Amino acid sequence: MPETTQNGLPDMRVVVAGAAGRMGQMLVKAVLAASGCRLVGALERPGSPALGQDAGLLAGAGATGVMVSDDMLAALVNSDALLDFTTPASTVALAALAAQARLVHVIGTTGLAEADYQKLEAAARHAVIVQSGNMSLGVNLLAELVRRAAASLDADYDIEIVEMHHRHKVDAPSGTALLLGEAAASGRGVPLNEHSDRGRDGHTGARKRGDIGFASLRGGSVIGDHSVVLAGQGERIELRHVAEDRGVFAEGALKAAFWGRGRKPGFYAMTDVLGLAKAPSP
């Protein structure tokens, strides 16, 4: 008989994709430490050396009896939620299966292209998808502050977004930087793709008024530093978030999974989870 939570619902059955990676291990530990849910599946890519190993032991959390597998369908068929911080190709494939199984699919994957978002939107007709470039509470609050600041200050204030991550990160700008850029563009009432400057090298000429600039730094073991600078004549406003522990992303993802349980299918963001989606403009 399944265990029940305090509100009488059965424990939420959770599958972690990319379970052998840095973020996957944090997700496994978060699920094992939380009440009201239990780990029922752990996925990795075909050929991964982690296949067949105990997901809990890989994460340093003790044996669980849940072995890492590459069989996505078998893992998802008897689950309620999928936590997915993998790659765009894997996320799109998992979204199609999550839609068939009517799951809550929490996506923290970065580097998604427009074509990927279109496929996720299609999957969201049947699944509850919660997607964000960053799952932390602090970053999503920062994004709302950026939106409000951009709405309050005109284009005479230049917006620059600076991010730094560890040397192994493969995409740039980071998903969080793009999330902050979208927030700034939303505050200005302009499309980001038409007001984005992502690279400067050589003789570039003067900065274009109204552009939102991005700079990406990579090195060491930095988990994630993000700064948004609004630079005007004679003054500068800086808004910053520093991630010191990947656990904040795992906790946010799990919060999103609990929030999505029982909701109507749809494509949601962390702003919905945190009640920020309807926050008023200044």
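**Helix packing and an open sheet**

Helices α6 and α7 are roughly parallel to each other, because angles under 35 degrees count as such and the two pack at an angle of about 30°. The model is predicted. Helix α6 spans residues 137-152, and helix α7 spans residues 175-188. Their axes lie 7 Å apart. The crossing of α6 and α7 is right-handed.

Both helices contribute a set of residues to this contact. From α6 come Val-139, Asn-140, Leu-142, Ala-143, Val-146, Arg-147, Ala-150 and Ala-151. They meet Thr-176, Leu-179, Leu-180, Ala-183, Ala-184, Ser-186, Gly-187 and Arg-188 of α7. Sorted by class, the contact holds 10 nonpolar, 4 polar and 2 charged residues.

Helix α6 also meets strands. It lies across β7, β10 and β11. Relative to β11, α6 runs at about 165°.

These three strands belong to an open sheet of 5 strands. The strand order is β8-β9-β7-β10-β11, and the pairing is mixed. Strands β8 (196-197) and β11 (235-243) form the edges. Each of these edge strands pairs on one side only.

Within the sheet, β7 and β10 run antiparallel. Strand β7 covers residues 158-165, and strand β10 covers residues 224-232. The two are joined by 7 bridges. Ile-159 stands opposite Leu-230 in β10.

Terms used: Residues numbered from 1 in each chain as written. Predicted model: local features only at pLDDT ≥ 70, side-chain atom pairs only at ≥ 80, totals over all residues. Heavy atoms only, no water. Pairing = 2+ DSSP bridges. Helix = DSSP H or I, 4+ residues; strand = E, 2+ residues; numbered from the N terminus. Contact = heavy atoms within 4.5 Å. Axes fitted to C-alpha atoms, helices over the stretch in contact; angles between N-to-C directions. Parallel < 35°, antiparallel > 145°, perpendicular 65-115°, else oblique. Left-handed = near helix turned anticlockwise from the far one by under 90°. Nonpolar A, V, L, I, M, F, W, Y, C, P; charged D, E, K, R; others polar.
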